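Trainee: Please take me through one part of this structure closely. I would like to see how a sheet is put together and what packs on it.

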Amino acid sequence: MIKQKILLLIILLGLFLLSGCWDRIEPEKQAVVVGGGFDYNVEEDMYKVVFQIASPLTMKGAGAQGGSTDKPNFWTVSAWGHSPYDAIANLNKKVSRRVTFAHAKLYVFTEKMAREKGILPILNAVARSRQSRRIIIIAVVKGDVEELLTVRLPIESSNVIGLTNQINLTMESMGGVAAQDARDFFIKLVQPGLEPYVVALELINTEEEDDPGKDPPVRIIGKYIFKHDKVVGSLNDRETRGCNWIVGQVKSGTLVLTYPDKKNVKIDILASEGSSKITPIVKDGEPIIKLEIKASGRIVNITGLGDLKEESALTKSLNKRMAQVIKNDIKLALDKAQSLASDVFGFGFAFYRLLPDRWGEMADDWDQIFSNLQVEIDVKVDILNVGLVNKGPDIE
């Protein structure tokens with residue numbers, strides 16, 4: 001019994017020793033990164049990292065006083081290195097606290113780096129880090145990434161938080177879901193017959209002037225599309241919307257149609273609940289994709305008189321015309337992607353899943369096959385819930 005009691009006492013003492021957080025870092029000793037940017041110098045083979053760090057002084061002041069402060073809400077610091085880790089190590093020399101990435105929301109790459117070097121060296125570091133989260137949004141900027149993370153955005157205390165909100169809201173209004181994150185990018189990298197894409201940003205105004213009428217300094221211009229981890233081209237707004245229809249990622253989006261026989265009367269339709277079915281087939285020995293799109297929408301505004309009752313001649317006409325608009329956007333996206341030989345739609349992956357024997361014959365030549373692939377498009381639209389106001393003021 002004595003031996004058992006001694007053994008139990010040792011075990012209990014051991015539990016006390018193991019329960020402590022021996023390697024914890026107190027929050028006040030951390031430099032919290034909310035966003036990062038990356039660039040690459042081809043001539044010198046050097047990597048640049050730019051981190052936006054939340055200011056603990058303004059965070060503490062806002063919490064204690066509930067008001068604003070003259071101090072900036074974030075600090076942007078940068079460094080160069082021979083590798084991403086070397087650049088981060090050099091950056092740590094400039095910071096008085098331990099840098100932590102657990103709260104980072106956005107990583108942005110310059111277009112030059114994404115085209116010439118690729119973004120995999122950075123994403124590898126993200127994947128291997130215990131701090132970095134896989135849900136970090138990935139974007140590519142046309143312009144200087146340090147300027148992007150330094151410029152102030154209207155009504156935002158941190159431009160990274162503002163950019164994150166702007167990206168998600170704009171993607172939704174363009175007919176898409178939330179932007180691609182690191183996890184989505186990794187998945188597409190390893191899937192056969194499927195290429196990644198990310199949000200495309202552009203710096204348009206970086207002048208530090210207090211002009212309430214000036215445009216915001218950053219805008220979203222569509223998507224950059226990749227071949228493996230390198231950018232090969234971009235999609236504009238309509239092409240982006242067409243891409244979203246194809247991959248079944250439409251959440252909402254506004255379409256403007258012209259009233260029949262009244263060119264000065266416009267009808268706004270809120271498209272939503274889009275679904276896509278991609279079916280690979282082989283016809284006469286040739287691979288073909290059958291693309292079936294189903295969409296619904298509702299009329300949200302009309303600038304003139306019209307019969308908006310359900311099943312009226314107008315609503316039937318609008319169904320056909322909305323379907324044609326969607327089809328046109330899809331064709332624009334297809335033409336651009338095929339011209340760049342970048343299968344961001346996953347047509348090759350559909351062959352891999354459903355016709356694996358056929359995919360085995362095509363895999364090595366898929367880039368060329370995709371560039372000339374025939375796609376049969378079928379779009380079905382149903383406009384619902386026209387609302388209580390069936391007629392508007394007549395406009396001649």
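Mentor: What follows is a walk through one sheet, strand by strand.

This is a predicted model, in which local features need pLDDT of at least 70 and side-chain atom pairs count only at pLDDT 80 or more, while totals for chains, interfaces and linings use all residues. Residues are numbered from 1 along each chain as its sequence is written, and side-chain values use heavy atoms, with hydrogens and water left out.

The sheet is open and has four strands, in the order β10-β11-β12-β13, with mixed pairing. At its edges stand β10 (252-259) and β13 (374-383); each has a single partner strand, so one side of each is left without a neighbour in the sheet. On average, neighbouring strands of this sheet are turned by 35 degrees against each other, direction ignored. Some terms need their cut-offs here. Strands (E, at least two residues) and helices (H or I, at least four) are DSSP runs, numbered from the N terminus. Two strands pair if DSSP finds at least two bridges between them. Axes are lines fitted to C-alpha atoms, for helices over the stretch in contact, and angles run from 0 to 180 degrees between N-to-C directions.

Strands of a sheet pair through backbone hydrogen bonds, either parallel or antiparallel. Start with β10 and β11 (residues 262-283): they run antiparallel and are joined by eight bridges. Leu257 has Ile267 in β11 as its bridge partner, and Tyr259 stands opposite Lys262 in β11. The hairpin of these two strands has two residues between them, and Asp261 there takes a positive phi near 70 degrees.

Next come β11 and β12, also antiparallel, with 15 bridges between them. Here the bridge partner of Lys283 is Glu286 in β12. The hairpin of β11 and β12 has two residues between the strands as well, and in this hairpin Asp284 takes a positive phi near 55 degrees.

Two helices can now be added, where contact means heavy atoms within 4.5 Å. Helix α9 (residues 237-247) lies across β10, β11 and β12 (286-302), and runs at about 45 degrees to β11. Helix α11 (residues 347-354) packs on the sheet and touches β11, β12 and β13, its direction making about 35 degrees with that of β11.
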